[in-house]
Amino acid sequence: MKEKDISKISILIIPGTQKVRRLSIPHWLPKATVGFLALSLISLTVYFKMSLNYQSSLLQDANEKLSIINSLEEENRDKDKKLNSLKSENNHLYEKTEEVEDKLTEIDKLQRRLEKMAGIDSPSRGGGINRDVEMDLTNHAEEMNVIAEVLEDKKLELEIFIEDLEAQFDYLDSVPDLRPTVGRVTSRFGNRRDPFTKRIQFHQGVDLANSTGTSVKAAAKGTVVFAGVNGAYGRTVILDHGYGYKTLYAHNSKILVKVGDKVEKGQEISKMGSSGRSTGSHLHFEIHIDNVVTNPLELIPN
Ligand SMILES: [Zn+2]
């Protein structure tokens, strides 16, 4: 190779045992190849870097949304818990009046609104601008705070209402308006001729006659303040019901309670008899209001 050909590059290929082969290529080809490869590499790097940045920003957005959704869900669960405890706490009283039913309906409506809002958490809006979604979620969170306040108010209202209701039930249970025994009215309240002296005398109660051993029941709930023999009244029970009400049950054959016992309205307290000054088996029943005797037939069914 004496002559130098500058327009070409010669490559010698020397395989194991065969003849040497010469390959001639233009001198610019390797440079161009290297240049092309370098350019491709740079483009690829830029492309990967861009797509990586894009993906990580998407991921960040998704995470932010997820954490907002999680906190909203947690808030919803708290509200549900409050509602449930409110319901079970007062369940037995809900059935008692229509007014309570109305309040329950109101609370159910609020709960449905909360559940509806929990529904927006599913990211089905797709393609929207993230900031809008975030603002939407913030608005709903504010709305939920308002609803939580309303719920708290309703709960307090309901608690006060239930307290009132319980006080009313307590009063109604304490009014002696239950007929204390089964029997025929043989003597009414007021002036009458005394069966022993035959003189006009004031009868302080009502006489209900039936056979000895007939059940005598408390006309209202209350406390036993007397249980024993009381002169002409014979075996007597006196109950104090509060609110100024007292009742007296006389001529019993047997007393089933003792002083200090709490009795419910309708609870058996004694057995009818003819003890004391009596002409036959009957219950002499008195009602006192603020220590004044009152006609029992104005309170108990005739
Ligand atoms: Zn009597």
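## Working through a predicted model

Strand 11 and strand 13 (residues 268-271) run antiparallel and are joined by 2 bridges. Keep in mind that this is a predicted model. Grab the structure and have a go at these.

**Exercise 1. Work out the strand order of the open sheet that holds 3 strands, and find which strands stand at its edges.**

Step 1: Start from the pair above, strand 11 with strand 13, which has 2 bridges. For a residue-level look, take Lys254: its bridge partner in strand 13 is Lys271.

Step 2: Now put in the remaining strand. The order reads 7-13-11, with antiparallel pairing.

Step 3: Strand 7 (215-217) and strand 11 (254-255) each have a single partner strand, so they stand at the edges and one side of each lacks a neighbour in the sheet.

**Exercise 2. Find the residues that touch the most other members of the largest nonpolar core, and say which strands supply at least two residues each.**

Step 1: A bit of background: nonpolar side chains tend to be buried together in soluble globular proteins.

Step 2: The largest core has 18 residues, and the ones touching the most other members are Val237, Leu239, Tyr249, Val263, Ile269, Leu283 and Phe285.

Step 3: Sort by strand. At least two core residues come from each of strand 6 (206-209), strand 9 (235-242) and strand 14 (282-289). Strand 14 gives the most, with 3 residues.

Step 4: Check for another core. There is a second, separate one of 9 residues, and Leu110, Leu114, Ala141 and Ile147 are among them.

Step 5: Zoom in on Ile269. Beyond four places in sequence, its contacts include Val237, Leu239, Tyr249 and Val263. Val216 and Lys217 are also among the contacts of Ile269, as is Ile255.

**Exercise 3. Take the salt bridges Lys221-Asp170, Arg192-Asp207 and Arg277-Asp194, and work out which parts of the chain each one ties together.**

Step 1: Get the total. The count comes to 6 salt bridges.

Step 2: Lys221 and Asp170 meet at 2.5 Å, N to O. Lys221 sits in the loop between strand 7 and strand 8 (222-229) while Asp170 is in helix 4, so the pair links parts 51 residues apart in sequence. Lys221 is partly exposed at 23%, and Asp170 is partly exposed at 27%.

Step 3: Arg192 and Asp207 meet at 3.6 Å, N to O. Here strand 4 (residues 190-193) holds Arg192 and strand 6 holds Asp207, so parts 15 residues apart in sequence get tied together. Arg192 has 23% relative accessibility and counts as partly exposed; Asp207, at 6%, is buried.

Step 4: Arg277 and Asp194 meet at 3.1 Å, N to O. Arg277 is in the loop between strand 13 and strand 14, and Asp194 is in the loop between strand 4 and strand 5 (200-203), so this pair ties parts 83 residues apart in sequence. Arg277 comes out partly exposed at 39%, whereas Asp194 is buried at 2%.

**Exercise 4. Decide whether Lys154 is buried or exposed, and list its contacts beyond four places in sequence.**

Step 1: Locate the residue. Lys154 is part of helix 4 (residues 130-174).

Step 2: Apply the cut-off. Buried means under 20% relative accessible area. Lys154 has 18% relative accessibility, so it counts as buried.

Step 3: Look for its partners. Skipping neighbours within four places in sequence, Lys154 is in contact with Glu106 and Ile107.

Notes
Residues are numbered from 1 along each chain as its sequence is written. This is a predicted model: local features need pLDDT of at least 70, side-chain atom pairs count only at pLDDT 80 or more; totals for chains, interfaces and linings use all residues. Side-chain values use heavy atoms; hydrogens and water are left out. Helices (H or I, at least four residues) and strands (E, at least two) are DSSP runs, numbered from the N terminus. Buried means under 20% relative accessible area, exposed over 50%, partly exposed in between (1.4 Å probe, protein chains only). Contact means heavy atoms within 4.5 Å. Two strands pair if DSSP finds at least two bridges between them. A nonpolar core is a set of buried Ala, Val, Leu, Ile, Met, Phe, Trp, Tyr and Cys residues joined through side-chain atoms within 4.5 Å. A salt bridge is a side-chain nitrogen of Lys or Arg within 4 Å of a carboxyl oxygen of Asp or Glu.
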